[in-house]
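Subject: Structure handover and what was found in it

Dear colleague,

I am handing over the structure we discussed, with the sequence alongside. Please keep it open while you read the notes that follow.

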Amino acid sequence: MFLGTHTPRLDEKGRLILPAKFRDELAEGLVITKGQERCLYIWPVAEFSRMAEAVRTAPVTSKGPRDFMRVLYAGASDEVPDKQGRVTIPAQLRAYAGLDRECVVIGANARVEVWESGAWDTYLAAQEQAFADLSEEVFPGLM
């Protein structure tokens, strides 16, 4: 499980230094994809495969799942971190997420998310009150 908020920087080659506490789980390889709200998702290979298997059952005759799969897979990149825990984020994914230098890396349970710092600040400011106000119907019986 990935937890926490980290603030690494991209280097001049578009490489991200993965937070130390995430490296072991991602060391064998990962998949970087476009995420919602213009962030990037980083999945351990096994988790991406599990998610892809679930998506595979969606009917390709339905426009929503078909569009989702196209965008998800067309923008996906499989990578292996180097010995320093760096992973290259392809240029088209950096452009999608607006990543230049400053970024925020968050743990999001089974995946990691990478956000442009300003976008994360804006998102979090808008969501924190909504989070505080959530009622039990979001996840019945959880809390």
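A residue is called buried here when its relative accessible area is under 20%, and exposed when that value is over 50%. Please bear in mind throughout that this is a predicted model.

With that cut-off, Asp 11 counts as buried, because its relative accessible area is 18%. Asp 11 lies in the loop between strand 1 and strand 2, the latter being residues 15–17. Its side chain makes a polar contact of 2.6 Å with the side chain of Arg 15, and, leaving aside residues up to four places away in sequence, Asp 11 touches Arg 86 and Arg 101.

Turning to the sheet, six strands form an open arrangement in the order 1-7-8-4-3-5, with antiparallel pairing. Strand 1 and strand 5 (77–79) stand at the edges with a single partner strand each, so one side of each is left without a neighbour in the sheet. Helix 2 (residues 45–56) packs on this sheet, where it touches strand 3 and strand 4 (40–44), and its direction makes an angle of about 105° with that of strand 4.

Following the order from one edge, strand 1 (residues 5–6) is joined to strand 7 by two bridges, the two strands running antiparallel, and Thr 5 has Ile 106 as its bridge partner in strand 7. Strand 7, which covers residues 103–108, is mostly covered, with five of its six residues buried. Strand 7 then pairs with strand 8 (residues 111–116) in the antiparallel sense over six bridges; among the partners across this pair, Cys 103 is matched with Glu 116 and Gly 107 with Val 112. The hairpin of strand 7 and strand 8 has two residues between the strands, and there Asn 109 takes a positive phi near 70°.

Further along, strand 8 pairs with strand 4 over three antiparallel bridges, and Leu 40 finds its bridge partner in Val 114 of strand 8. At the other edge, strand 3 (residues 30–34) is joined to strand 5 by three bridges, again in the antiparallel sense, with Val 31 standing opposite Asp 78.

Phe 2 deserves a separate paragraph. It belongs to the segment before strand 1, and because its relative accessibility is 0%, Phe 2 counts as buried. Which residues does Phe 2 touch, not counting residues up to four places away in sequence? Its contacts include Phe 22, Glu 25, Leu 26 and Pro 44, together with Gly 107, Ala 108, Asn 109, Ala 110, Arg 111 and Val 112. Phe 2 and Ile 106 are 104 residues apart in sequence, yet their C-alpha atoms are 7.8 Å apart in space.

Finally, helix 5 takes in residues 117–133. At the start of helix 5, a side-chain oxygen of Glu 116 reaches to within 3.0 Å of the backbone nitrogen of Gly 118; Glu 116 is also the strand 8 residue that has Cys 103 as its bridge partner. At 1.5 Å a residue, the 17 residues of helix 5 should span 24 Å, and its end C-alpha atoms are 25 Å apart, which agrees with that expectation. Helix 5 also bends by about 30° at Gln 127.

With best wishes

Note on methods:
Residues numbered from 1 in each chain as written. Predicted model: local features only at pLDDT ≥ 70, side-chain atom pairs only at ≥ 80, totals over all residues. Heavy atoms only, no water. Buried < 20%, exposed > 50% of the residue type's maximum accessible area, 1.4 Å probe, protein only. Helix = DSSP H or I, 4+ residues; strand = E, 2+ residues; numbered from the N terminus. Pairing = 2+ DSSP bridges. Polar contact = N/O pair within 3.5 Å; in protein donor to acceptor, adjacent residues only side chain to side chain. Contact = heavy atoms within 4.5 Å. Expected span 1.5 Å × (residues − 1). Bend = angle between axes of the 7 residues up to and from the residue. Axes fitted to C-alpha atoms, helices over the stretch in contact; angles between N-to-C directions.
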